[in-house]
Amino acid sequence: MLVISHIVKRYGTRVAVDDLSLEVRPGEILGLLGPNGAGKSTTMHVATGLLRPDAGSVAIGVHGPPTSPDARRRLGLAPQNLAVYDLLTAEENLAFFGQLYGLSGAALKARVDAALSFVGLGDRRRDRVDTYSGGMKRRLNIAAAVLHEPELVLLDEPTVGVDPQSRNAIFDSIEALKAEGRTLVYSTHYMEEAVRLCDRVAIIDAGRVLALDTVAGLIRTHGGTPSLQVRLAGRDVVLQTHDPLAELNRLSLEAPVESFRVDEPTLEQVFLTLTGRTLRD
């Protein structure tokens, strides 16, 4: 559905995206997981035609590059920086965006109604956006992205700065889009979001894809060895082992086991292994 081939994007001497390639399969949610400044947003902007790459190419299925009208009609983007107008109502915002996509009359009204209902803002449709909470603005941002029923939806860190209730409402909306058969690209630096939502995850840093697989596949390949922690006759024993049960049985022959815990590798361990522990600004 989306094929990104060897794209490069520079800002002066800084390389934001460095020979990045990936393919998004129809109907999947592909996560872009990376630290601040990894190149996730720049990749999103190149993928949607907002930025022109210095090298490489982007194709939206058989419809050509994202700058072509045929491809653009099939794209929806919810950018990290909110793309809604505070001095307009939710209804006015969506009517404006819908007209940009060529909607009018009864079809426009039906899509505005459906989009507002989809994100749970139908009862606040006539309120100005500057009266909305941060979470409500994020949900309206998603409504604008799906208003024209695009086949491919790109969501750039859509839960930044929202409360748990709004966050879960956004999750429900994303899962509903997938159930409808949409293809989604979801950028985040939250591990639990990637685990819950994404069919596959691309870990990105310094503008490059470091690894791409299912969460289980990433953990299997890059997560390291499970840790067995045992309280054994008043002393603590910690072992790295691929067979915790066998090690526990062996230790139980030495002394009574008072307690034990097995810590399996996590996506966070994979992330830190691949991107390092240095703080990012």
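Trainee: What makes one say that helix α5 lies across strands, and which strands are they?

Mentor: In this predicted model, helix α5 (residues 134-146) lies across β5 and β6 (152-156), and contact here requires heavy atoms within 4.5 Å. The helix runs at about 170° to β5; since angles run from 0 to 180 degrees between N-to-C directions, a value of about 170° tells us that α5 and β5 point in nearly opposite directions.

Trainee: Why are β5 and β9 said to stand at the edges of the sheet?

Mentor: The sheet is open and holds six strands in the order β5-β6-β7-β3-β8-β9, with mixed pairing. Both β5 (75-78) and β9 (208-213) have a single partner strand, so one side of each is left without a neighbour in the sheet. Neighbouring strands of this sheet are turned by 15° against each other on average, direction ignored.

Trainee: How do you know that β8 and β9 pair, and in which sense?

Mentor: Pairing calls for at least two bridges between the strands, and β8 (residues 200-205) and β9 are joined over five bridges, in the antiparallel sense, so the criterion is met. Within this part of the sheet, I204 stands opposite V209 in β9.

Trainee: What makes a residue of this chain count as buried, and what percentage of the residues are buried?

Mentor: The term applies under 20% relative accessible area, and buried residues make up 45% of the 281 residues in the chain. As for the surface, the accessible area of the chain comes to about 13,700 Å², of which 52% belongs to carbon and sulfur atoms.

Terms used:
Residues are numbered from 1 along each chain as its sequence is written. This is a predicted model: local features need pLDDT of at least 70, side-chain atom pairs count only at pLDDT 80 or more; totals for chains, interfaces and linings use all residues. Side-chain values use heavy atoms; hydrogens and water are left out. Buried means under 20% relative accessible area, exposed over 50%, partly exposed in between (1.4 Å probe, protein chains only). Accessible areas come from the Shrake-Rupley method with a 1.4 Å probe; for residues, only the protein chains shown count as cover. Helices (H or I, at least four residues) and strands (E, at least two) are DSSP runs, numbered from the N terminus.
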